[in-house]
Amino acid sequence: MIDGAGYTPHHPRWLRSHVSTYWWLGRRSYLAFILREVSSVFIAWFVVFLLLLVRALERGPAAYDAFLDWSAHPLVLALNAVTFLFAVLHAITWFNLAPQAMAVRLGAKPVPGWMIAGSNYLAWVAVSALILLLLTGAI
Amino acid sequence: MADRITMQVARYRPEIESDATFQDYEVPCPRDWVILDGLNYVKDRLDGTLSYRWSCRMGICGSCGMTVNGEPKLTCATFLADYAPGPVRVEPLRNFPVIRDLVVEIGDFMRKLVKVKPWIIRDEGDVRPLSQGEYRQTPAELQDYKQFSMCINCMLCYAACPIYGLDPKFIGPAAIALAQRYNLDSRDHGARERMEILSEHAGIWGCTFVGECTKVCPKNVDPAGAIQRYKLSAAVESLKAFFMPRGA
């Protein structure tokens with residue numbers, strides 16, 4: 001190997017293809033990946049939305065009512081409906097990927113992937129149930 | 001079942017053309033023929049000018065990787081009959097410069113492979129003389145890294161990785177998986193040295209977990225998993241360094 005050789009700098013006869021800007025449309029799995037990445041934007045939006053809600057709460061009943069009116073606007077409703085779908089996609093795709101990123105061991109035995117993903121889903125259901133109980137006033 | 005199939009083979013002859021073209025060849029399609037058998041038939045009987053790489057024809061040497069109907073495949077392990085009635089399109093591996101026909105330039109991968117030091121590194125002063133025998137391992141210790149040691153350097157993962165296509169500086173799936181193979185080896189002490197190389201932007205953090213490398217790997221190495229686990233240990237290391245700057 002030649003020391004200091006770079007990334008094939010000058011070989012005019014080699015054929016180099018360039019990746020198209022729309023490479024992510026070329027394969028279904030690439031598109032799924034891009035949708036998963038885009039879901040982060042919607043998650044970020046929902047964080048902002050929640051912060052605005054907290055701010056309105058802190059400013060008193062009038063501000064809170066104004067916030068509720070604003071969130072009932074069809075455009076905000078539509079955005080939040082899309083956000084909900086992306087949040088579900090975000091959660092499911094990342095929960096399913098968790099076993100690949102984590103090698104968990106119990107003693108000497110590796111924990112099977114379905115258990116790692118399953119525990120994420122279980123936590124999701126548990127937290128959702130808790131919130132539902134809080135909202136309905138059961139606890 | 002059809003007894004013949006048309007192969008559309010990408011040709012690039014730099015002395016006569018400036019871009020790739022396709023040439024059709026009709027080849028026999030018995031049930032036990034793989035794509036590579038079809039190419040060998042073309043080379044032997046129809047057109048001796050076709051260039052491609054192959055060696056072992058049994059999924060070990062890793063040299064016959066090509067793009068078959070848009071998917072990176074080992075052509076010695078991909079049956080022609082699965083593409084019947086055809087045509088089946090054979091192109092060079094994506095994301096690499098093409099030298100001729102189906103032959104790609106692999107120098108970039110070779111340089112990156114060496115960069116991650118895929119060999120056992122011992123601490124100085126902890127190297128056992130040959131006379132004392134080998135470093136022994138339990139089956140459990142072998143199991144820790146065995147999956148990642150199955151890599152045959154066929155580069156299908158590089159061809160499937162859009163990140164590598166977009167940013168040729170990215171070290172790439174196989175090289176990182178092989179670094180991880182040595183990091184997880186109980187005989188190795190080189191994890192810190194490798195981390196210096198792999199914690200760069202073009203290292204593990206370049207990966208956005210598309211996951212295609214794992215899907216196309218003919219040896220079930222799971223490079224995507226290796227990279228994400230590497231990220232996790234890198235993050236834990238930097239947290240440790242932040243909270244316990246004088247060491248644990």
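Which residue in S4(B) does B:Met66 stand opposite? The points below take that up, working from a predicted model.

1. **The S3–S4 hairpin of chain B.** B:Met66 faces B:Lys73 across the strand pair. Strand S3(B) covers residues 65-68, and S4(B) covers residues 71-74. The two strands pair in the antiparallel sense, over four bridges. Two residues lie between the strands of this hairpin. B:Asn69 takes a positive phi there, near 45°.

2. **The other partner of S3(B).** S3(B) is also joined to strand S5 (residues 88-91) of chain B. Two bridges make that link, and these strands run antiparallel. B:Val68 stands opposite B:Val90 of S5(B).

3. **Both faces of S3(B).** Strand S3(B) is covered on both faces. B:Gly65 and B:Thr67 are buried on one side. B:Met66 and B:Val68 are buried on the other.

4. **The largest nonpolar core.** This core has 64 residues. Which members touch the most others? They are B:Leu156, B:Cys157 and B:Ile176. Helix H6(B), residues 173-183, supplies the largest share, with seven residues.

5. **B:Leu156 and its contacts.** Neighbours within four places in sequence are left aside here. B:Leu156 is then in contact with B:Gly65, B:Pro72 and B:Leu74, among others. B:Gly65 belongs to S3(B), while B:Leu74 falls in S4(B). The contacts of B:Leu156 also include B:Val216, B:Cys217 and B:Pro218.

6. **Helix H6(B).** Why is H6(B) described as largely enclosed by the rest of the structure? Because 11 of its 11 residues are buried. The buried residues include the nonpolar-core member B:Ile176, and also B:Gln180, B:Arg181 and B:Asn183. The cover over H6(B) includes several helices of chain B. Among them are H2 (107-115), H3 (139-146) and H4 (156-160). H7, H8 (212-216) and H9 (223-243) contribute as well.

7. **B:Leu198 in H7(B).** B:Leu198 sits in helix H7 (residues 191-198) of chain B. Is B:Leu198 buried or exposed? B:Leu198 counts as buried because it has 25 C-beta neighbours inside 10 Å, where the cut-off for burial is 20 or more. Residues up to four places away in sequence are not counted in its contacts. B:Leu198 touches B:Ile171, B:Ile176 and B:Ala179, among others. B:Ile176 and B:Ala179 are buried residues of H6(B). The list for B:Leu198 also includes B:Gly203, B:Ile204 and B:Tyr230. B:Val116 is another contact. B:Val116 and B:Leu198 are 82 residues apart along the chain, yet their C-alpha atoms are separated by 7.4 Å.

8. **H1 against H2 in chain A.** Helix H1 (residues 28-59) and helix H2 (residues 61-71) of chain A have axes that come within 5 Å. They cross at roughly 150°, and the crossing is left-handed. H1(A) brings A:Leu52, A:Leu53, A:Ala56, A:Leu57 and A:Arg59 to the contact. H2(A) brings A:Ala63, A:Tyr64 and A:Phe67. By type, these residues are seven nonpolar, no polar and one charged.

9. **The contact of chain A with chain B.** How many residues does each chain give? Chain A gives 21 and chain B gives 25. On the side of chain A, H1 and helix H3 (74-101) are the elements that give two or more residues. H1(A) gives the most, with four residues. That side divides into 14 nonpolar, four polar and three charged residues.

Note on methods
Residues numbered from 1 in each chain as written. Chains lettered and ligands numbered in written order. Predicted model: local features only at pLDDT ≥ 70, side-chain atom pairs only at ≥ 80, totals over all residues. Axes fitted to C-alpha atoms, helices over the stretch in contact; angles between N-to-C directions. Left-handed = near helix turned anticlockwise from the far one by under 90°. Contact = placed C-beta atoms within 7 Å. Nonpolar A, V, L, I, M, F, W, Y, C, P; charged D, E, K, R; others polar. Core = buried A, V, L, I, M, F, W, Y, C linked by C-beta atoms within 7 Å. Buried ≥ 20, exposed ≤ 12 C-beta atoms within 10 Å, placed from the backbone. Pairing = 2+ DSSP bridges.
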